[in-house]
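Me: I have a sequence and a model in front of me and would like to learn how to read them. Could we go through the features one at a time?

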Amino acid sequence: MAINQDLFHYPEAAKELFIRTEDITFRDGTRVSAEEIWEFLTKEAPVRFPHAFDNGRYNRNRISGDIALPYSLKDEYLSLTFNDRMLKAKQKGIPVAFVQGGQCVDPYYAAGAIALRPASVNQWAACQREGVTFTQAQVLREDDKERASQSISFEVCNTAGYEYIQEGSLPVDMIAPYSCLRCSDVSYSLEAHRHGKRQDVKLFLGDFPMADQKNKEWAVEYFAENIKRLIRSIDELTGRETTEEDLRKEIILHNEGRRLSREIAELWWAPDTPPTNGKDRRAILQMGGMEVHGDPEASLCVLREGKRFIEERVRKGVKGHGLIDKPARIFLCGSCVFPSDYRIEEGGGVIVGTDNHWSNISTLVEETGDPYYNLAKATLSYPYEQNVYERAKWTAEQIRKSRADGVLFMYNWGCNTQSAMARMLCDEIKKLVNVPTLIIEHEFQASQSEQLLNRVSAFVEML
Ligand code: SF4
């Protein structure tokens, strides 16, 4: 049966501006020019990855269409070359470690590994399937998730790429998350990997002291020891010895990404009508976590250039593609969730911030002194990992800074900590900033149901 797809095409008229922009330089020192990126996005990628170019309203990841925003195209390039880039790295003997979201990845990169969280692992797997439509990609993905749920537990949320790793389609070398508060999947997944078919996958758990430990000296020192253990464990894979200086250099590099993200967020929040749409806000800010594309240097290149474009747009009063004037501003809470930015924007709203990931992206690490201690101190202080009152205070501050009119808390089925916290956190936020809140449980489907989107749309209308 032929399936008609409405596919996005980058218009030729956008080429001239784009090819004058900067190259992307990768961690291995290689570069790709803007002209090569343009050729890839307009010729090769639409044939290999038609699902990504689907322009239908159920594709919440569809291409932004802001063709005058070069970093948006570069973000798509990095996403769609995930499999190509990871296979190249693997051929060079670079180990890949699976981590969970919401933690910084400085120590993994200092030790010479690539750290990937579930979203990146899923993107890598998606890029292995070439020539499929959006609908075919969705069905195949649901099948994968079902197989993994049956292997792990019906209680898990998104299964975190377990199936791809255990079935051997993704050559991940190490499962190495921290046992942080935000995520109940870590324990399910690590335990399942322990009993999985692939006994060659190395297992590591960073023991994260939970619940208000950040001011306790023993907890910082204990977690610093865990970071040392992690690095030694990666060294066993690479055969090299990572030094304190390697870690210090990596912290300085990642701090640049974190600082840029903080500066970009301040710029983006200032105008009543934001300078980009929600998809492009998410794309640029998550690059500050330096893990989304599996290459910190590439992310930094795009961040540096992206900041200049956002500055210029704010100065000239350019509004984001597809936004109405003065949209209703929504702050999104919860792990590993995002509603369709496009559907929110159709209704006159825009997502202006998130707590998940922003918690670690916006936390700088001290650059002088013992790098293990500094990293442990910063990691234990992530606002998202604190008790509900402290987390609410920090979230309220972000809501004020982003000038949000309302809060949407979403959690995935199986996300046990976030589902338990949602009501309490929203109640505290209301006491602190007095904004309307909506809590929705999210089914794990990339396309999201009409029912879910209707509820979000009604909230936007109310705001
Ligand atoms: S949705 Fe929740 S349980 Fe699942 S990976 Fe994200 S944080 Fe962990």
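**Around the ligand**

Reply: We can begin with the shell around the ligand, whose residues divide into four nonpolar, three polar and two charged. Keep in mind throughout that this is a predicted model.

Me: Which residues surround the ligand?

Reply: The ligand is surrounded by C157, R182, C183, S184, D185, S335, C336, N412 and C415.

**The chain as a whole**

Me: How many helices and strands does the protein chain have?

Reply: The protein chain has 19 helices and ten strands. Its C-alpha atoms fill a box of roughly 50 × 50 × 45 Å along the principal axes.

Me: What does the radius of gyration say about the protein chain?

Reply: One compares it with the value for a compact globule. For 463 residues that value would be near 23 Å, and the protein chain has 21 Å, which agrees. Of the 463 residues, 59% are buried.

Me: What share of the contacts in the protein chain, counting those with a separation of 6 or more, comes from residues 24 or more positions apart?

Reply: Such residues account for 75% of those contacts.

**Strands and sheets**

Me: How do strands of a sheet pair?

Reply: Strands of a sheet pair through backbone hydrogen bonds, and the pairing is either parallel or antiparallel. Here, an open sheet of four strands has the order β4-β3-β5-β6, with parallel pairing. β4 (114-116) and β6 (202-203) stand at the edges with a single partner strand each, so one side of each has no neighbour in the sheet.

Me: How many bridges join β3 to β4?

Reply: Three bridges join strand β3 (residues 96-98) to β4, and the two run parallel. One can follow the pairing at a single residue: A97 has A115 in β4 as its bridge partner.

Me: Which strands pair with β9?

Reply: Strand β7 (residues 328-333) pairs with β9 in the parallel sense over four bridges. Strand β10 (residues 437-442) also pairs with β9 in the parallel sense, over six bridges. F409 of β9 is a useful place to look: F409 is the bridge partner of C333, and F409 stands opposite I439 in β10.

Me: What lies between β9 and β10 in the β-α-β unit?

Reply: Helix α18 (residues 416-433) does; β9, α18 and β10 make a right-handed β-α-β unit.

Me: Is β9 mostly covered or mostly open?

Reply: Strand β9 (residues 406-412) is mostly covered, with seven of its seven residues buried. To read its two faces, sort the residues by the way they point. G406, L408, M410 and N412 point one way, while V407, F409 and Y411 point the other way, and all are buried. N412 appeared earlier, among the residues that surround the ligand.

**Helices**

Me: Which way do residues of a helix point?

Reply: An α-helix has 3.6 residues a turn, so residues three or four places apart point the same way. As for burial, helix α3 (residues 70-80) has eleven of its eleven residues buried, so α3 is largely enclosed by the rest of the structure. Charged residues are included in that list: K74, D75 and E76 are among the buried residues of α3.

Me: Is R194 buried or partly exposed?

Reply: R194, found in helix α9 (residues 185-194), counts as partly exposed at 47% relative accessibility. Beyond its neighbours within four places in sequence, R194 is in contact with Q199 and L203.

**Single residues in loops**

Me: Where is V156 placed?

Reply: V156 is in the loop between α7 (134-151) and α8 (162-166). At 2% relative accessibility, V156 counts as buried. Leaving aside neighbours within four places in sequence, V156 is in contact with S149, D185, Y188, W413 and G414. V156 and W413 are 257 residues apart in sequence, yet their C-alpha atoms are 7.7 Å apart in space.

Me: Which residues have a positive phi although they are not glycine?

Reply: K326 is one of them, with a phi of about 45°, and R403 is another, with about 60°. K326 lies in the loop between α13 (296-316) and β7, and R403 is in the loop between α17 (388-402) and β9. K326 is exposed, with a relative accessible area of 61%, whereas R403 counts as partly exposed at 33%.

How values were computed. Residues numbered from 1 in each chain as written. Predicted model: local features only at pLDDT ≥ 70, side-chain atom pairs only at ≥ 80, totals over all residues. Heavy atoms only, no water. Near = heavy atom within 4 Å. Buried < 20%, exposed > 50% of the residue type's maximum accessible area, 1.4 Å probe, protein only. Pairing = 2+ DSSP bridges. Right-handed = clockwise from strand over helix to strand, strands pointing away. Contact = heavy atoms within 4.5 Å. Rg over C-alpha atoms; globule rule 2.2 N^0.38 Å.
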